[in-house]
Amino acid sequence: MAATLAPHSVEDVLELLRSRGGRVTTSRRVLLAALFEGGPHRTAEELAGEVQAQLTDVHLSTIYRNLDELERLGVIVHSHLGHGPATYHLASETHGHLVCEQCGTMLEVPEELFAALVRAARATYGFVVDARHFAVVGRCSACAALPARARGDVPAASRAEVSGSL
Ligand SMILES: [Zn+2]
Ligand SMILES: [Zn+2]
Ligand SMILES: [Zn+2]
């Protein structure tokens with residue numbers, strides 16, 4: 001059976017693991033429960049903390065290994081939302097991200113938003129864009145609406161010129 005659809009429950013994933021000869025360990029089960037119940041955008045360390053709250057002797061390296069394996073199996077994907085560590089999503093619940101460099105606000109957006117870019121990159125360069133892996137950064141509507149002086153991204157010299165000309 002072609003597993004083209006991402007699994008939608010812990011039991012689905014455990015079945016997939018078994019069918020690929022993987023072992024179903026308690027730490028994997030607890031990690032999967034955390035992934036399915038806690039929502040997206042958690043880092044490996046945050047997920048490790050949740051697993052370790054229940055299983056105190058699970059090492060961080062085990063969590064990383066399990067996350068890698070789940071990613072290879074197509075169960076989860078990771079996204080970089082800024083300068084911080086990768087955050088994890090269930091493959092059944094992916095989306096694109098717009099992150100404001102000014103205030104850190106993050107918008108989840110449908111991947112269709114990038115459809116024109118994906119089409120053009122493929123047609124022109126033969127390049128296959130992965131719009132999920134990294135966030136698109138910029139300024140959110142609130143920050144973009146602020147005058148340049150309030151944003152603090154204008155050098156002091158030109159700021160003085162601006163206020164002098166007012
Ligand atoms: Zn996300
Ligand atoms: Zn902002
Ligand atoms: Zn990455």
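Axes are lines fitted to C-alpha atoms, for helices over the stretch in contact, and the angles between their N-to-C directions run from 0 to 180 degrees. The structure discussed here is a predicted model.

Q: Which pattern of helices and strands does the chain follow along the sequence?
A: The secondary structure of this predicted model comprises eight helices and five strands. Read along the sequence, these elements follow the pattern α-α-α-α-β-β-β-β-α-β-α-α-α.

Q: What percentage of the residues in the chain is buried?
A: A residue counts as buried if 20 or more other C-beta atoms lie within 10 Å of its own. Among the 166 residues in the chain, the buried share is 16%.

Q: At roughly what angle do the axes of α2 and α3 cross?
A: Helix α2 covers residues 26-38 and helix α3 covers residues 44-54. Their axes come within 9 Å, and the crossing angle is roughly 125°.

Q: Are α2 and α3 parallel, antiparallel, perpendicular or oblique to each other?
A: Angles of 65 to 115 degrees count as roughly perpendicular and those over 145 as roughly antiparallel. The axes of α2 and α3 cross at roughly 125°. The two helices are therefore oblique.

Q: Is the crossing of α2 and α3 left-handed or right-handed, and which residues of α3 make the contact?
A: The crossing in which α2 passes α3 is right-handed. On the side of α2, the contact is made by Ser27, Val30, Leu31, Ala34 and Gly38. The residues of this contact divide into five nonpolar, three polar and one charged. Those contributed by α3 are Leu47, Glu50, Val51 and Gln54.

Q: Why do the buried residues of α3 lie on the same side of the helix?
A: The buried residues of α3 are Leu47, Ala48 and Val51. An α-helix has 3.6 residues a turn, so residues three or four places apart point the same way. Leu47, Ala48 and Val51 are on the same side of α3 because they cover an arc of only 100° around the axis.

Q: Which residues are exposed on the other side of α3?
A: The buried residues of α3 are covered by elements including α2, α4 (60-72) and β2 (87-90). On the other side of α3, the exposed residues are Glu45 and Ala53.

Q: What is the phi of His41?
A: His41 is found in the loop between α2 and α3. Most residues other than glycine have a negative phi. His41 is not a glycine, yet its phi is positive, at about 75°.

Q: Is His41 exposed or partly exposed?
A: A residue is exposed if 12 or fewer other C-beta atoms lie within 10 Å of its own, and buried if there are 20 or more. His41 has 14 other C-beta atoms within 10 Å, so His41 is partly exposed.

Note on methods
Residues are numbered from 1 along each chain as its sequence is written. Chains are lettered from A and ligands numbered from 1 in the order in which they are written. This is a predicted model: local features need pLDDT of at least 70, side-chain atom pairs count only at pLDDT 80 or more; totals for chains, interfaces and linings use all residues. Helices (H or I, at least four residues) and strands (E, at least two) are DSSP runs, numbered from the N terminus. Angles under 35 degrees count as roughly parallel, over 145 as roughly antiparallel, 65 to 115 as roughly perpendicular and the rest as oblique. A crossing is left-handed if the near helix is turned anticlockwise from the far one by less than a right angle, and right-handed if clockwise. Two residues are in contact if their C-beta atoms, placed from the backbone, lie within 7 Å. Ala, Val, Leu, Ile, Met, Phe, Trp, Tyr, Cys and Pro count as nonpolar, Asp, Glu, Lys and Arg as charged, and the others, Gly among them, as polar. The arc is that of the directions from the helix axis to the C-beta atoms.
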